[in-house]
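Please load the model in a viewer and keep the selection tool at hand. The tour proceeds by selection, with a short account of what is found at each stop.

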Amino acid sequence: MTAYEWYLEGCRFDEDEETLIIAEEAYHRAIHLDPTLANAYTNLGNLLYRTGSLEDAKALYENAIAVDTMQPEAHYNLGFFEFESGDMEKA
């Protein structure tokens, strides 16, 4: 499978609590195959944020922005993360 196909596989499984592990693995595979696939970083960050791995999620949002400065969801999520952390200036 291609990186994009792994990304889509992650999207199929990242909404169901019972299949989060499958989604996480799919996003990791997508990133491994294409380290410039910003959406995979963002979605993996969202998944980790929902499971309480906040610092890991933040790092993934930052990675998404590093590979694609125009990735809007990563910017939004990072801003929300900073807002939730109480850092209004960064948010």
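Is Glu-9 buried, exposed or partly exposed? With a relative accessible area of 22%, Glu-9 is partly exposed, because the buried class is confined to values under 20%. The model on display is a predicted one.

**First stop: helix α1**

Select residues 3-13, which form helix α1, and display the side chains of Glu-9 and Arg-12. These two side chains meet in a salt bridge, with an N to O distance of 3.5 Å. Three residues separate them, about one turn of the helix. Arg-12 counts as exposed, because its relative accessibility of 60% lies over the 50% limit. The pair is one of three salt bridges found in a search of the whole structure.

**Second stop: helix α2**

Next, select residues 20-33, helix α2, and show Glu-25 and Arg-29. Here again a salt bridge joins the two side chains, at 2.8 Å from N to O. The partners are four residues apart, about one turn of the helix. Arg-29 is partly exposed at a relative accessible area of 39%, and Glu-25 likewise counts as partly exposed at 39% relative accessibility.

**Third stop: the packing of α1 and α2**

Keep both helices selected and view them together. How are α1 and α2 oriented where they pack? The angle is about 160°, and the axes lie 8 Å apart. Helix α1 is therefore roughly antiparallel to α2, since angles over 145 degrees fall in that class. The crossing of α1 past α2 is left-handed.

To inspect the contact, select on the α1 side Ala-3, Trp-6, Tyr-7, Glu-9, Gly-10, Cys-11 and Phe-13. On the α2 side, add Leu-20, Ile-22, Ala-23, Ala-26, Tyr-27, Arg-29, Ala-30 and Leu-33. Colouring this selection by class gives 12 nonpolar residues, one polar residue and two charged residues. Glu-9 and Arg-29, each met above in a salt bridge, both belong to this contact.

**Fourth stop: Lys-58 and Glu-82**

Which residue forms a salt bridge with Lys-58? The partner is Glu-82, and the closest N and O atoms are 3.3 Å apart. This pair links distant parts of the chain: Lys-58 lies in helix α4 (residues 54-67) and Glu-82 in helix α5 (residues 72-84), 24 residues apart. Lys-58 and Glu-82 are both buried.

**Fifth stop: Leu-48 and Ala-57**

Select Leu-48, in helix α3 (residues 38-50). Its relative accessibility is 12%, so Leu-48 counts as buried. Apart from neighbours within four places in sequence, Leu-48 is in contact with Glu-24, Ser-53, Asp-56, Ala-57 and Leu-60. A distance label between the C-alpha atoms of Leu-48 and Leu-60 should read 9.1 Å, for a separation of 12 residues in sequence.

From that contact list, move to Ala-57, which lies in helix α4. Ala-57 counts as buried, because its relative accessibility is 0%. Beyond its neighbours within four places in sequence, Ala-57 is in contact with Gly-45, Leu-48 and Tyr-49. As a last check, label the C-alpha to C-alpha distance from Ala-57 to Glu-15: the two are 16 Å apart in space and 42 residues apart in sequence.

Terms used. Residues numbered from 1 in each chain as written. Predicted model: local features only at pLDDT ≥ 70, side-chain atom pairs only at ≥ 80, totals over all residues. Heavy atoms only, no water. Salt bridge = Lys/Arg side-chain N within 4 Å of Asp/Glu carboxyl O. Helix = DSSP H or I, 4+ residues; strand = E, 2+ residues; numbered from the N terminus. Buried < 20%, exposed > 50% of the residue type's maximum accessible area, 1.4 Å probe, protein only. Axes fitted to C-alpha atoms, helices over the stretch in contact; angles between N-to-C directions. Parallel < 35°, antiparallel > 145°, perpendicular 65-115°, else oblique. Left-handed = near helix turned anticlockwise from the far one by under 90°. Contact = heavy atoms within 4.5 Å. Nonpolar A, V, L, I, M, F, W, Y, C, P; charged D, E, K, R; others polar.
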